[in-house]
Amino acid sequence: MPLMLIKGHYRILNAAPDGDSIKFYPDNPDLWRPLGVRTNSSGGAQLRLEGIDTLETHYQSTPATLSMLHQPPQFAQGAAEELLRFCGFRNVVRGNREIVVSAQPQQTAGFILTRFADVYGRCVAFAFKGGFSQADGGDIYIDKNLLRKSANHHMLSQGLAYPTYYSKMYPDLRQEMTRAVASARRKGLWPQDKTTSGFLVKDLAALTERNVILPKLFRRVVDYLAMNDGDLTLAGFKDYLKSRQDRVIILPQGHVTGFDYVIKVTGQRIKLTVPPGQLVFMEK
């Protein structure tokens with residue numbers, strides 16, 4: 001299936017972009033309508049970059065019993081800075097809660113390829129800088145060469161993003177992105193990644209400062225801790241994961257199961273038993 005081409009520009013002032021999401025303003029806001037994208041009063045929408053997940057710079061747990069949390073800043077903030085550089089922004093200054101208070105220029109030209117929004121109304125897209133020769137709103141078949149020009153591929157190739165695939169993503173694109181991950185194994189966060197080797201949760205700083213792990217796993221752990229009012233005991237974590245009903249496909253076997261199935265908890269130690277690139281999450 002093709003993807004829809006939407007031309008427009010990126011803006012970051014008074015927003016809090018991170019390494020895998022940024023505000024996009026289309027030249028023709030009517031193109032959002034068939035996708036179910038939620039927009040602001042100016043027609044702008046939050047993008048969720050397809051196939052990647054970067055470390056959290058400002059995550060609010062659910063329930064919100066913990067303060068705003070982040071993952072190790074070297075790679076969380078590093079990814080956010082790299083995405084903005086890729087999109088053409090310079091001299092970015094942030095204030096409270098990672099809100100951008102100044103940047104140059106005010107906006108940068110770009111285009112996206114998309115075909116749906118997620119359950120939160122964010123446009124799931126491949127994002128690009130600059131212009132594109134074909135007509136706005138047209139159908140584009142994305143190939144490997146075009147994919148390599150995307151912000152999504154760039155973040156993986158720099159070692160600043162985890163592959164995080166969902167079932168609506170085309171297999172050939174997923175395979176190309178997995179190759180980008182393999183080529184970046186000595187870069188960025190990968191030398192410090194503890195996702196599959198395991199990490200101890202002795203205190204909250206184990207998650208926010210010391211251990212580099214898959215952001216989806218980070219979010220599930222801190223949401224569990226928030227539900228327990230900050231109690232660090234992980235005895236009920238697996239049951240909590242089951243209640244979330246995150247479904248995954250384990251590649252290449254094609255085994256469909258729960259996210260809890262691929263997570264091992266031993267006392268206060270957690271690890272993912274399958275590399276992130278071999279998992280495909282099913283959309284809710």
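**Surroundings of Asp 193 and packing of helices H6 and H7**

In this predicted model, Asp 193 makes contacts with Tyr 162, Val 212 and Ile 213, leaving aside residues up to four places away in sequence. The residue belongs to the loop that runs between helix H4 (171-183) and strand E12 (199-200). Asp 193 is buried but takes part in no salt bridge. Arg 185 provides the nearest side chain of opposite charge, at 5.0 Å, whereas a salt bridge requires a side-chain nitrogen of Lys or Arg within 4 Å of a carboxyl oxygen of Asp or Glu.

Strand E12, which follows this loop, is part of an open sheet of 3 strands with the order E12-E16-E15 and antiparallel pairing. E12 and strand E15 (263-266) form the edges of the sheet, each pairing on one side only. E15 and strand E16 (residues 269-272) run antiparallel and are joined by 4 bridges. Thr 266 has Arg 269 of E16 as its bridge partner. Helix H7 (residues 237-244) packs on the sheet, where it touches both E15 and E16. The direction of H7 makes an angle of about 155° with that of E15.

H7 also packs with helix H6 (residues 215-227): the two axes come within 10 Å and cross at roughly 110°. Angles of 65 to 115 degrees count as roughly perpendicular, and H6 and H7 are therefore roughly perpendicular to each other. On the H6 side, the contact is made by Leu 217, Arg 220, Val 221, Asp 223, Tyr 224 and Met 227. H7 contributes Phe 237, Tyr 240, Leu 241 and Arg 244 to this contact.

Key:
Residues numbered from 1 in each chain as written. Predicted model: local features only at pLDDT ≥ 70, side-chain atom pairs only at ≥ 80, totals over all residues. Heavy atoms only, no water. Helix = DSSP H or I, 4+ residues; strand = E, 2+ residues; numbered from the N terminus. Buried < 20%, exposed > 50% of the residue type's maximum accessible area, 1.4 Å probe, protein only. Lys, Arg positive; Asp, Glu negative; His and termini not counted. Contact = heavy atoms within 4.5 Å. Pairing = 2+ DSSP bridges. Axes fitted to C-alpha atoms, helices over the stretch in contact; angles between N-to-C directions. Parallel < 35°, antiparallel > 145°, perpendicular 65-115°, else oblique.
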